[in-house]
Amino acid sequence: MAAPAKKAQDLNARMDNCEKWVKALSGLAYKEGDFHGNLESGVALCMAINKLKAGMVQDKYAKAQAKKLNAFQKRERIAAFIEGCKKFGVNQADIFMVEDLFMKNNLKQVVITLENLSATASKNNIQQPFEIGIQYATANKRQFSKEQMQKAKNAIPAMNKGSVKVDQGGGLDSHGIILQGNKK
């Protein structure tokens with residue numbers, strides 16, 4: 001039973017990191033520890049993505065509101081953030097849906113989106129307060145000489161060489177099966 005508790009702690013730690021990251025980018029002052037409550041209006045998310053790269057979300061969505069937003073306005077801002085993530089270059093499969101955040105359906109997917117947004121910013125050398133979550137791999141191109149390429153063509157792959165030496169003496173065939181004529 002320790003595994004589910006560890007996963008919950010891991011998700012909570014990731015949520016805390018994402019919350020701090022959004023807070024650092026957006027500049028909004030909010031009470032830490034309420035991931036959903038702080039992000040559900042979408043304002044902090046819109047401000048954060050515009051801080052990474054201006055113009056990802058319309059300015060009307062990325063302004064702190066003095067009045068309380070209604071449900072439609074919150075969903076509209078979350079949807080604007082999602083569109084901003086697509087424009088920013090975050091993979092479509094890594095982006096949450098409005099309901100995931102607004103209705104608390106899948107906060108883990110919200111965390112995944114924020115981590116991928118940070119990774120995309122890092123990949124594009126965009127300044128951010130600190131990185132969260134994953135880091136995308138970088139290209140590692142290699143150049144081989146013609147001699148090395150020819151040697152590789154003639155090599156026998158390790159999988160084809162076999163890893164266990166079979167005793168072929170004593171009446172066994174190459175697969176280790178007893179031959180008919182050699183029963184003791």
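The sulfur of Cys46 lies 9.1 Å from the closest cysteine sulfur, in Cys85, which is too far for a bond. In this predicted model, a pair of sulfur atoms would have to come within 2.5 Å to be called a disulfide. Cys85 likewise takes part in no disulfide, the sulfur of Cys46 being its nearest cysteine partner at 9.1 Å. The count of disulfides accordingly stands at zero. In general terms, a disulfide is a covalent bond joining the sulfur atoms of two cysteines. Both cysteines are hidden from solvent: Cys46 is buried at 0% relative accessibility, and Cys85 is buried with a relative accessible area of 0%.

Turning to the overall fold, the protein contains eight helices and zero strands, giving the pattern α-α-α-α-α-α-α-α along the sequence. Of its 184 residues, 35% count as buried. Among contacts between residues at least 6 apart in sequence, 46% join residues at least 24 apart. The accessible surface comes to about 12,600 Å², and carbon and sulfur atoms account for 51% of it.

What lies inside is worth a closer look. In soluble globular proteins, nonpolar side chains tend to be buried together. Here, the largest nonpolar core has 41 residues, and those that touch the most other members are Val22, Phe35, Leu39, Phe81, Phe88, Leu114 and Leu117. Two or more residues of this core come from each of α1 (2–26), α2 (35–39), α3 (43–52), α4 (71–88), α5 (98–102) and α6 (107–123). The most generous contributor is α3, with eight residues. Phe81 offers a handy view of the packing: leaving aside neighbours within four places in sequence, Phe81 is in contact with Leu45, Cys46, Ile49, Val57, Phe96, Thr113, Leu114 and Leu117. Cys46, one of the two residues in the sulfur pair described above, is thus also among the contacts of Phe81.

Charged side chains add another layer, with a count of five salt bridges. In one of them, Glu115 and Arg14 meet with N and O 2.7 Å apart. This pair links distant parts of the chain, since Glu115 sits in helix α6 and Arg14 in helix α1, 101 residues apart. Glu115 is buried, with a relative accessible area of 7%. Another salt bridge pairs Glu40 with Lys74 at 3.8 Å, N to O. Here too, distant parts of the chain are linked: Glu40 is in the loop between α2 and α3, Lys74 is in helix α4, and 34 residues separate them. Lys74 is buried, with a relative accessible area of 15%.

A further salt bridge joins Lys86 and Glu83, whose closest N and O atoms are 3.1 Å apart. These residues are three apart in helix α4, so about one helical turn separates them. Lys86 counts as partly exposed at 35% relative accessibility, as does Glu83 at 43%.

Finally, the backbone has some details to note in its loops. Lys104, a residue other than glycine, has a positive phi near 60° and is found in the loop between α5 and α6. Asn125 is not a glycine either, yet its phi is positive, at about 55°. Asn125 belongs to the loop between α6 and α7 (146–154) and is exposed, with a relative accessible area of 72%.

Conventions:
Residues numbered from 1 in each chain as written. Predicted model: local features only at pLDDT ≥ 70, side-chain atom pairs only at ≥ 80, totals over all residues. Heavy atoms only, no water. Buried < 20%, exposed > 50% of the residue type's maximum accessible area, 1.4 Å probe, protein only. Helix = DSSP H or I, 4+ residues; strand = E, 2+ residues; numbered from the N terminus. Contact = heavy atoms within 4.5 Å. Areas by Shrake-Rupley, 256 points an atom, 1.4 Å probe, with all protein chains shown as cover. Core = buried A, V, L, I, M, F, W, Y, C linked by side-chain atoms within 4.5 Å. Salt bridge = Lys/Arg side-chain N within 4 Å of Asp/Glu carboxyl O.
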